[in-house]
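Me: I should like a close look at one part of this protein, namely its largest pocket. Please describe what lines the largest pocket, and then the helices and the chain around it.

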Amino acid sequence: MARRAVYAGSFDPITNGHLDIIRRGAALVEHLVVAVGHNPKKRYLLDVAQRRSLVERATAGLHNVSVVSFSGLLVSCVQAEGADMILRGLRPLGDFDLEFRNGLANRDLSGVETLFLLADPSQQFISSSLIKEIASHGGDVTPYVPEGVVGPLQEALRL
Ligand code: ADP
């Protein structure tokens, strides 16, 4: 069955861990929508337009991937995109409890199933918050983020 899936997150900023899940997920479905979330209650380093444009740049070579931004319930975004599946990445330390709860809630709300891909061992420690922490102290995050991310990240940290 051809499937259309949504991979949502803050992507503040997109990391190579996210990109690995996007590549592997896109290989499993007909079309993958990457949904960049904007939650007014959350504080972001990069605004939604910047986060979205960095995801667009990183995924430009992937023919069956598109990028949108959204706010509100993830299942509403999934329905608006005509998708029937949520894609999530699972890292071994800390992701499971929250992802399990969210996955069950989303299925209960809408019937939409969640597909989990295990984080690649080489990417398991990578998170947007760790990248921001390293970069804020002058560390080199080039190995952990797609091309084009370091410049805007350093710029935002300087503000
Ligand atoms: P949020 O914290 O708002 O959910 P993130 O952008 O941090 O958004 O994460 C989005 C998704 O990407 C989640 O499913 C998360 O588990 C997954 N993810 C984040 N970092 C990695 C990584 N290094 N490897 C695999 N999956 C990851």
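Reply: The account below begins with the pocket, moves to individual helices, and ends with the chain as a whole.

The model is a predicted one. Its largest pocket has a volume of about 1200 Å³. The lining of this pocket comprises 45 residues, and those closest to the pocket centre are A8, G9, S10, K42 and R88. By character, the lining residues comprise 15 that are nonpolar, 20 that are polar and ten that are charged. Several elements of secondary structure take part: strands β1 (4–9) and β4 (85–90), together with helices α1 (16–26), α4 (95–110) and α5 (128–136), each supply at least two residues of the lining. Among the contributors, α4 gives the most, with seven residues.

Helix α4 also contains D95. This residue is buried, since its relative accessible area is 12%, and the threshold for a buried residue is under 20%. Leaving aside residues up to four places away in sequence, D95 touches G89 and L90.

Helix α5, another contributor to the pocket lining, has S128, I131 and A135 as buried residues. Viewed down the axis of α5, its buried residues fall within an arc of 60°, and they therefore line one face of the helix. The general geometry is that an α-helix has 3.6 residues a turn, so residues three or four places apart point the same way. The buried residues of α5 pack against α1 and against α6 (150–158). After α5 comes G138, which has a positive phi, near 85°.

Helix α1 thus appears twice, as a supplier of lining residues and as a packing partner of α5. It also holds R23, which is partly exposed, with a relative accessible area of 48%. R23 and E113 lie 90 residues apart in sequence, and their C-alpha atoms are 19 Å apart in space.

Helix α2 (residues 48–58) also has contacts with α1. The buried residues of α2 are R51, L54, V55 and A58. They cover an arc of only 100° around the axis, so they sit on the same side of α2. A49 and R57, on the other side of α2, are exposed. The elements that cover the buried residues of α2 include α1 and α6, as well as strands β2 (31–37) and β3 (65–70). Helix α6 therefore serves in the packing of α5 and in the cover of α2.

These parts belong to a chain with six helices and five strands. Read along the sequence, its elements follow the pattern β-α-β-α-β-α-β-α-β-α-α. Of its 159 residues, 43% count as buried. When contacts between residues at least 6 apart in sequence are considered, 74% join residues at least 24 apart. The C-alpha trace spans about 45 × 30 × 30 Å along its principal axes. A compact globule of 159 residues would have a radius of gyration near 15 Å, and the chain agrees with this because its own value is 15 Å.

Definitions and conventions. Residues numbered from 1 in each chain as written. Predicted model: local features only at pLDDT ≥ 70, side-chain atom pairs only at ≥ 80, totals over all residues. Heavy atoms only, no water. 1 Å grid on protein atoms, 1.4 Å probe; cavity = no way out; pocket = protein on both sides within 12 Å on 5 of 7 lines; lining within 4 Å. Points joined across faces, edges and corners; volume = space filled by probe spheres on them. Helix = DSSP H or I, 4+ residues; strand = E, 2+ residues; numbered from the N terminus. Nonpolar A, V, L, I, M, F, W, Y, C, P; charged D, E, K, R; others polar. Buried < 20%, exposed > 50% of the residue type's maximum accessible area, 1.4 Å probe, protein only. Arc of directions from axis to C-beta. Contact = heavy atoms within 4.5 Å. Rg over C-alpha atoms; globule rule 2.2 N^0.38 Å.
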